[in-house]
Amino acid sequence: MNTAMPVQQRGMSFGGFIFGAFLLVLFGITGLKLIPAYMQAAQIKNIFVTIAHDPDMQKATPHDIQASFDKGASINNITAIKASDIDISSDGGMPVLSASYAVKVPLIGNVSLYMEFNPSSAGK
């Protein structure tokens, strides 16, 4: 006669499952609220790079560069910065555009995340 040892059950309890699901939903909602801020920062950087590499903008005045940014910002519905917030410098005849701004993302009640962005046309 074979006397086998009883097999001990392994796994997650129902309470552990509910807690894990709660954490997953919490992180998912937080991530979904942060995506628009990161997408807008990427769009701003893309506009900066496009303007900096545009041959017509190589000798343009800061006012012309800001007007070009305004056009791109209105197309992409960018509200985080205005054209007057852009710092414009030159590197070897090529304009370098940069900005520094912060976004406050409300999460729950009086809890918010504060994110700082520094998009620039320089570098990668």
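Contact here means heavy atoms within 4.5 Å. The legends below describe close-up views of a predicted model.

**Figure 1. A122 and its contacts with residues distant in sequence.** A122 is located in the segment after strand 4. Beyond residues up to four places away in sequence, A122 touches K45 and V96. A122 and K45 stand 77 residues apart in sequence, and their C-alpha atoms are 9.4 Å apart in space. The relative accessible area of A122 is 43%. A122 is therefore partly exposed, since this value falls between the limits of 20% for buried and 50% for exposed residues.

**Figure 2. The largest nonpolar core of the model.** This core holds 24 residues, of which F48, F69 and I81 touch the most other members. At least two core residues come from each of helix 1 (14-52), helix 2 (62-75), strand 3 (101-108) and strand 4 (111-117). Helix 1 makes the greatest contribution, with eight residues. The view also shows the surroundings of I81. With neighbours within four places in sequence set aside, I81 is in contact with I44, F48, F69, I86, A99 and Y101. Thus F48 and F69 are among the contacts of I81, and these three residues are the ones that touch the most other members of the core.

**Figure 3. The packing of helix 1 against helix 2.** Two packed helices are described by the angle between their axes and the distance between the axes. For helix 1 and helix 2, the angle is about 135 degrees and the axes are 10 Å apart. Helix 1 is therefore oblique to helix 2, because the angle lies outside the ranges for roughly parallel, roughly perpendicular and roughly antiparallel axes, the last of which begins over 145 degrees. The crossing of the two helices is right-handed. Helix 1 takes part through I44, I47, F48 and I51, and helix 2 through I65, S68, F69, G72 and A73. Sorted by class, the residues of this contact are seven nonpolar and two polar, with no charged residues.

**Figure 4. Q40 of helix 1 and the residues around it.** Q40 belongs to helix 1. Is Q40 buried or exposed? Q40 is buried, because its relative accessible area of 16% is under the limit of 20%. Leaving aside neighbours within four places in sequence, Q40 is in contact with N77, I78, T79, A80 and Y101.

**Figure 5. N77, a loop residue with a positive phi value.** N77 lies in the loop between helix 2 and strand 1 (87-91). The phi angle of N77 is near 55 degrees, which is a positive value in a residue other than glycine. N77 is exposed, because its relative accessible area of 57% is over the limit of 50%. One of the contacts of Q40, a residue of helix 1, is made with N77.

**Figure 6. Q66 of helix 2 and I88 of strand 1 in contact.** Q66 is found in helix 2, and I88 is found in strand 1. Apart from residues up to four places away in sequence, Q66 touches A83, S84 and I88. With neighbours treated in that way, I88 touches P62, I65, Q66 and V96. Q66 is partly exposed, with a relative accessible area of 23%, and I88 is also partly exposed, at 29% relative accessibility. The C-alpha atoms of Q66 and K82 are separated by 8.7 Å, and these two residues are 16 residues apart along the chain. For I88 and F19, which are 69 residues apart in sequence, the C-alpha to C-alpha distance is 50 Å.

**Figure 7. Q8 in the segment before helix 1.** Q8 is found in the segment that precedes helix 1. At 68% relative accessibility, Q8 counts as exposed, because this value is over 50%. Q8 and A67 are 59 residues apart along the chain, and their C-alpha atoms are separated by 71 Å.

How values were computed:
Residues numbered from 1 in each chain as written. Predicted model: local features only at pLDDT ≥ 70, side-chain atom pairs only at ≥ 80, totals over all residues. Heavy atoms only, no water. Core = buried A, V, L, I, M, F, W, Y, C linked by side-chain atoms within 4.5 Å. Buried < 20%, exposed > 50% of the residue type's maximum accessible area, 1.4 Å probe, protein only. Helix = DSSP H or I, 4+ residues; strand = E, 2+ residues; numbered from the N terminus. Axes fitted to C-alpha atoms, helices over the stretch in contact; angles between N-to-C directions. Parallel < 35°, antiparallel > 145°, perpendicular 65-115°, else oblique. Left-handed = near helix turned anticlockwise from the far one by under 90°. Nonpolar A, V, L, I, M, F, W, Y, C, P; charged D, E, K, R; others polar.
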